[in-house]
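Subject: Structure handover

Hello,

Here is the structure I promised to pass on. Please open it and keep it beside you while you read my notes.

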Amino acid sequence: MEPRLNLFTNPVTGKFFKYINSAGKVVTDSTLPAATQELVKIRASQINGCAMCTDMHTKDATAAGETAQRLNLVATWREAKVFSEAERAALELTEQGTRIADAAGGVPDEVWANAAKHYDEDQLAALVGLIALINAYNRVNVIVQQPAGDYQPGMFD
């Protein structure tokens, strides 16, 4: 499978990703737990059908020490006992924020309030930024049909 557009050699996408990656560094450097960040990226990528990001973030999470059991259960986190209450709140906010067009009123207040019980204001800001950012990456990759499977952890560092 070949992508419709080579994101790695096109000068416009090169500039675009320079700036979007800079935004990602703000989130990465925040106090939002790294494991939570990877779970959020994986869940949004699953919802959006982004094979490239799902491949990348499951491999990055594995390299960072995440267990196969937790990674295998991200899509069914509601029924899984392996996630903390804080992680569950982040996953719910991720789903609501990713499926924003499906909800007539946007993200429900109770979903936000639950996340706010577990994360301080800076972590909530990072979580909102991360959800927006991974959705942008997902959309680019899905639009160009970016193939997955070849990613190696650290390859884009």
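There are zero disulfides in this structure, which is a predicted model. A disulfide is a covalent bond between the sulfur atoms of two cysteines. Look at C50 and C53. The closest cysteine sulfur to that of C50 belongs to C53, and it lies 3.5 Å away. A disulfide needs the two sulfur atoms within 2.5 Å. The C50 sulfur is therefore too far from the C53 sulfur for a bond. Start from C53 and the closest cysteine sulfur is the one in C50, again at 3.5 Å and too far for a bond.

Are these cysteines buried or exposed? The cut-off for buried is under 20% relative accessible area. C50 has 1% relative accessibility, so it counts as buried. C53 has 3%, so it counts as buried too.

Next, helix α2. It covers residues 34–48, which makes 15 residues. How far apart should its ends be? At 1.5 Å a residue, the helix should span 21 Å. The expected span is 1.5 Å times one less than the number of residues. The C-alpha atoms at the two ends of α2 are 21 Å apart, so the model agrees with the expected value.

Much can be said about what α2 touches. Its buried residues include T36, L39, V40, I42 and A44. Charged names appear in the buried list as well, among them E38, K41 and R43. The buried residues of α2 pack against α1 (11–28), α3 (51–63), α4 (68–73), α5 (85–98) and α7 (121–144). Just after α2 comes G49, with a positive phi of about 70°.

Now take α5 and α7. Two packed helices are described by the angle between their axes and the distance between the axes. The axes of α5 and α7 come within 10 Å and cross at roughly 50°. That makes α5 oblique to α7. The crossing of the two helices is right-handed. Which residues meet there? From α5 come A90, L93, T94, G97 and T98. From α7 come L127, I131, N135 and R139.

One last residue to find is A23, in helix α1. A23 has 37% relative accessibility, so it counts as partly exposed. In sequence, A23 and L130 are 107 residues apart. In space, their C-alpha atoms are 8.9 Å apart.

Best wishes

Methods. Residues are numbered from 1 along each chain as its sequence is written. This is a predicted model: local features need pLDDT of at least 70, side-chain atom pairs count only at pLDDT 80 or more; totals for chains, interfaces and linings use all residues. Side-chain values use heavy atoms; hydrogens and water are left out. Helices (H or I, at least four residues) and strands (E, at least two) are DSSP runs, numbered from the N terminus. Buried means under 20% relative accessible area, exposed over 50%, partly exposed in between (1.4 Å probe, protein chains only). Contact means heavy atoms within 4.5 Å. Axes are lines fitted to C-alpha atoms, for helices over the stretch in contact, and angles run from 0 to 180 degrees between N-to-C directions. Angles under 35 degrees count as roughly parallel, over 145 as roughly antiparallel, 65 to 115 as roughly perpendicular and the rest as oblique. A crossing is left-handed if the near helix is turned anticlockwise from the far one by less than a right angle, and right-handed if clockwise.
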